[in-house]
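Trainee: I would like a close look at a single part of this protein, the place where its domains meet. Please take me through it step by step.

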Amino acid sequence: MRVLITGITGQDGSYLADFLLGKGYEVYGMVRRSSVEKLDRIEHIREKIKFVQADLLDQLSIISAVKESNPDEIYNLGAMSFVPTSWKQPVLTGEFTALGVTRMLEAVRHLNKDIKFYQASSSEMFGKVREVPQNENTPFYPRSPYGVAKAYGHYMTVNYRESYGIFACSGILFNHESPRRGLEFVTKKVTNGAAKIKLGLAKDLCMGNLDSKRDWGYAEDYVRAMWLMLQQEGPEDYVISTGHSHSVKQWVEAAFSCLGLDWEKYVKIDERFIRPAEVDLLVGDSSKARKKLKWEPGVNFEQLVKIMVEYDYNQLKKTV
Ligand code: NDP
Ligand code: GDP
């Protein structure tokens, strides 16, 4: 089996590549040109991956990448994935995160309609939630240009499935984290910040809204769900979540206390991190995935905090 992964240099792409190599897949990774290499997350497997250069902005480059890799499955994980940046660069976010999906689907439609396609959709589409918990039938109400772009990508995936019979699945994944999470996301920012304070490398940590709630899971568990979706008899959409929601404040408390620190002495609220519109509460109902895919998360909130704090602390300790 051959696979093409877009976003292979990102958190999920790196775990998915690990997972699929373990299953014996020939793994092609789509990467965009950069003046400095950004292969840190896949350094340990770089010799096993075949790289194809392309950009989600460039239709012809995508067609060439799909032709060259000739995959059985495509996982479209590439996107501008950070919510605050989507307000600063809303048009570019639309190009990558929304139209990029159509460009990928067009390549499939023109080259080989038998390719199975996975689209990385997001719980951010639920935004100002219409019901609690959120499932596959919950209406969307996105609250950021990122959420709007993801909703477009989701509907295009459904549309290409229904219009052209493509095996296209949209995985509506709730927030998932890991030691490989980007440093600007709240979980990693906090575990890294707390570890720095513990080691005397920082004095405090500036944060935004501590009251919002997220359903946080472990990235390695979530890439398994992506693969399971493409192994079913037919293409469908699935919510992937733990079903448990915690506030940002609870994450902060748990991370600092792992290191024996009282968070209230170090965390400062800084207006710069408050967003123009907030998603207050996300909690997913993944009963469809649990039943049909026989998927379930293996790591809970406390374990996830501990995995990330210990990793960051041990990494930073090497530098002091
Ligand atoms: P990351 O931000 O870690 O990775 C994003 C990837 O997209 C990087 O490999 C990046 O490449 C690539 N990329 C960005 N722009 C382009 C472009 N124009 N052309 C080609 N590649 C591009 O995201 P995650 O791994 O966390 O998430 C994977 C996907 O899942 C994303 O689509 C995200 O929006 C979605 N998602 C994530 C959730 C989460 O909690 N992590 C929740 C729900 C959905 P480069 O290294 O060159 O920048
Ligand atoms: P998101 O759910 O995709 O937006 O993931 P993030 O990890 O970026 O943010 C999760 C929540 O943490 C949001 O409600 C943010 O408003 C909140 N938050 C509070 N302080 C911060 C901060 O300093 N950085 C980030 N990224 N988020 C913060």
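Mentor: Domain bounds here come from an automatic or database domain assignment. The model itself is predicted. For this protein the assignment gives domain 1 as residues 2-176 + 216-240, and domain 2 as 182-215 + 245-282 + 298-317. Each domain is thus written as separate stretches of the chain. The C-alpha centres of domain 1 and domain 2 are 27 Å apart.

Now to the interface. On one side, 21 residues of domain 1 take part, and they are in contact with 23 residues of domain 2. The size of an interface is often given as the accessible area lost when the parts come together. For domain 1 and domain 2 that buried area is about 2000 Å², and carbon and sulfur atoms account for 64% of it.

Next come the polar and charged pairs. The rule finds 3 residue pairs in polar contact across the interface of domain 1 and domain 2, with both residues at pLDDT 80 or more. It also finds 1 salt bridge across this interface. Glu 124 forms a salt bridge with Arg 214, and the closest N and O atoms of the two are 3.9 Å apart. The cut-off for a salt bridge is 4 Å, so the pair of Glu 124 and Arg 214, at 3.9 Å, is counted.

Look next at which elements supply the side of domain 1 that touches domain 2. At least two residues each come from α3 (83-88), β10 (217-218) and α7 (219-230). The largest share is that of α3, with 3 residues. Sorted by class, this side of domain 1 has 11 nonpolar, 6 polar and 4 charged residues.

For a wider view, the salt-bridge rule gives a count of 17. One pair is Lys 50 with Glu 26, where the closest N and O atoms are 3.5 Å apart. Lys 50 lies in strand β3 (residues 50-53) and Glu 26 in strand β2 (residues 26-31), so this salt bridge ties together parts that are 24 residues apart in sequence.

Finally, there is ligand 1. It has 25 residues around it, and those that come nearest are Thr 9, Asp 12, Arg 32, Ser 81 and Tyr 146. Oxygen atoms of ligand 1 also have polar partners in the protein. A polar side-chain atom of Lys 150 is 2.8 Å from one oxygen atom of ligand 1. For Lys 38, a polar side-chain atom lies 3.4 Å from an oxygen atom of the ligand. Gly 7 takes part through a polar backbone atom, 3.4 Å from an oxygen atom of ligand 1.

Methods. Residues numbered from 1 in each chain as written. Chains lettered and ligands numbered in written order. Predicted model: local features only at pLDDT ≥ 70, side-chain atom pairs only at ≥ 80, totals over all residues. Heavy atoms only, no water. Contact = heavy atoms within 4.5 Å. Buried area = accessible area lost by both parts, 1.4 Å probe. Salt bridge = Lys/Arg side-chain N within 4 Å of Asp/Glu carboxyl O. Polar contact = N/O pair within 3.5 Å; in protein donor to acceptor, adjacent residues only side chain to side chain. Helix = DSSP H or I, 4+ residues; strand = E, 2+ residues; numbered from the N terminus. Nonpolar A, V, L, I, M, F, W, Y, C, P; charged D, E, K, R; others polar. Near = heavy atom within 4 Å.
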